[in-house]
Amino acid sequence: DEVGLPEPHPLDYYAALVTAPDIENVRTFWQDMSYGELDFSGSEVTPWLKLEKNRGEHTGSGANPQGRQDLVNWAKQAAQAFGAELSRFRGFFVATYRQTDTFGSGGQAVCGPNDSLSTILQEVGHGLGLMNHSRSVAKPGDYEHPFCIMSAETFGDNNPTFFGRFGKAGPGLCAPYVFKTGWLAESRIAKIPTNGRSPRPTVLTLSPIRERQLGHKQVAMIQLNTPQEVTYFVEYRSGGWDRGLGGPTVVIDQLRPDGFAYYAGSITASTPGSSYVDAQYNLS
């Protein structure tokens, strides 16, 4: 029921966004985050399809998830009427002609023309099962992790990030969430012995977490339970999707029993002698 809308993105824009194998896009980001376990190569893009609904019939929101599911269902019905064989696909990405809603869950994501690649990657992450946003120890609300795509609405669309073909992009996925998905193989992890309160003094050389070929370990894990349960993750971030970080950086996170990743601190690799200290766990 809408008139006077601007021209939408052409179809080759979305084909490049989700299917191209050799540019920074949805396909290559999640391929890199999963060390190649996620393969989007069979994805297809339909032409623009008209939903036989008025805009006012979309009532979806965070408080009304069924309304959001209705929007996805309308799009799937339109695709089936067009002739798409949806049973062949594990998930669905709905691109709307104008900004309507932005969300992801249960194998599906919805985004509009104003959403940057950072936001799209976050919503696809929700669709892949990463339902929690990332947080910060200092500010424990959502979207407060400056080095994680699951805080894209705050940091991916602002800083640290870089500007690519599809708008602002990056950073990568923080180590606790890579671990939770099962993509972080044991061979990439150095598990530091502890007595529950203090870790054993250890010297490590870490390779950047995104490297496919294993040189050194890429993540240190430190499990502690006194004064409370927490698992520390220490990772080295450099280049690629993390090139907007301003330089090679050691990032320190907590994974707590609530299932959220919390940014605890970082050390710029170009500043020798820098440190992170958590006195309550006798950790530095």
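Start by selecting proline 227, which sits in the loop between β8 and β9. This is a predicted model, so everything on the tour is a feature of that prediction. Turn on the backbone here and look at the bond leading into the proline: from threonine 226 to proline 227 the peptide is cis, with omega near 10°.

Now jump to proline 160, in the loop between α5 (152-156) and β5 (162-164). Here too the bond is cis: the one from asparagine 159 to proline 160 has omega near 5°. Most peptide bonds are trans, and most residues other than glycine have a negative phi.

That brings up phi. Select tyrosine 35, in the loop between α2 and α3. Its phi is near 55°, a positive value in a residue other than glycine. Tyrosine 35 has a relative accessible area of 12%, so it counts as buried. Then go to asparagine 282, in the segment after β11. Asparagine 282 isn't a glycine either, yet its phi is positive, at about 50°.

**Two cysteines**

Select cysteine 148 and cysteine 174 and show their side chains. Why is there no bond between the sulfur of cysteine 148 and the one in cysteine 174? The sulfur of cysteine 174 is the closest cysteine sulfur to that of cysteine 148, but at 3.4 Å it is too far for a bond; a disulfide needs the two sulfur atoms within 2.5 Å. Looking from the other end, cysteine 174 also has its closest cysteine sulfur in cysteine 148. With this rule, the disulfide count is zero. Cysteine 148 is buried, at 0% relative accessibility, and cysteine 174 is buried at 0% as well.

**Charged pairs**

Next, colour the charged side chains. Side chains of opposite charge can pair when their charged atoms come close. The count here is 11 salt bridges, and three stops give a taste of them.

- Arginine 68 and aspartate 101: these side chains meet in a salt bridge, 3.0 Å from N to O. The pair links distant parts of the chain, 33 residues apart, with arginine 68 in helix α3 (residues 65-82) and aspartate 101 in the loop between β1 (92-95) and β2 (103-105). Both arginine 68 and aspartate 101 are buried.
- Arginine 88 and glutamate 85: another salt bridge, with the closest N and O atoms 3.8 Å apart. Switch on the surface for this one: glutamate 85 is exposed, with a relative accessible area of 52%, whereas arginine 88 is partly exposed at 48%.
- Arginine 237 and glutamate 235: a salt bridge at 3.4 Å, N to O. Arginine 237 is buried, at 0% relative accessible area, and glutamate 235 is buried at 0% too. Add Arg210 and Asp242 to the selection, and you have one network, joined with Glu235 and Arg237 by salt bridges that share partners.

**Into the nonpolar core**

Hide the charged residues and select Val26, Trp30, Leu173 and Tyr177. Within the largest nonpolar core, which has 42 residues, these have the most contacts. To see which elements feed this core, highlight α1 (11-19), α2 (26-33), β3 (108-111), α4 (117-127), α6 (175-181), β8 (219-224) and β11 (261-268), each giving two or more residues.

Stay on tyrosine 177 for a moment. Which residues is tyrosine 177 in contact with, leaving aside its neighbours within four places in sequence? They are Leu130, Asn132, His133, Ser134, Cys148, Met150, Gly259, Phe260 and Ala261. Cys148 is a familiar face: it is the buried cysteine from the earlier stop.

Apart from the largest core lies another one, of 16 residues. Select Ala190, Tyr236, Ile267 and Tyr281 to pick out some of its members. In soluble globular proteins, nonpolar side chains tend to be buried together.

**A pocket to finish**

For the last stop, select Thr202, Ile222, Val234, Val250 and Ser284. These lie nearest the centre of the second largest pocket, which is lined by 23 residues. The space in this pocket comes to about 650 Å³. Now show the strands around the pocket: β8, β9 (230-237) and β10 (249-255) each supply at least two residues of the lining. Which element gives the largest share of that lining? The answer is β9, with three residues.

Definitions and conventions: Residues numbered from 1 in each chain as written. Predicted model: local features only at pLDDT ≥ 70, side-chain atom pairs only at ≥ 80, totals over all residues. Heavy atoms only, no water. Buried < 20%, exposed > 50% of the residue type's maximum accessible area, 1.4 Å probe, protein only. Salt bridge = Lys/Arg side-chain N within 4 Å of Asp/Glu carboxyl O. Helix = DSSP H or I, 4+ residues; strand = E, 2+ residues; numbered from the N terminus. Core = buried A, V, L, I, M, F, W, Y, C linked by side-chain atoms within 4.5 Å. Contact = heavy atoms within 4.5 Å. 1 Å grid on protein atoms, 1.4 Å probe; cavity = no way out; pocket = protein on both sides within 12 Å on 5 of 7 lines; lining within 4 Å. Points joined across faces, edges and corners; volume = space filled by probe spheres on them.
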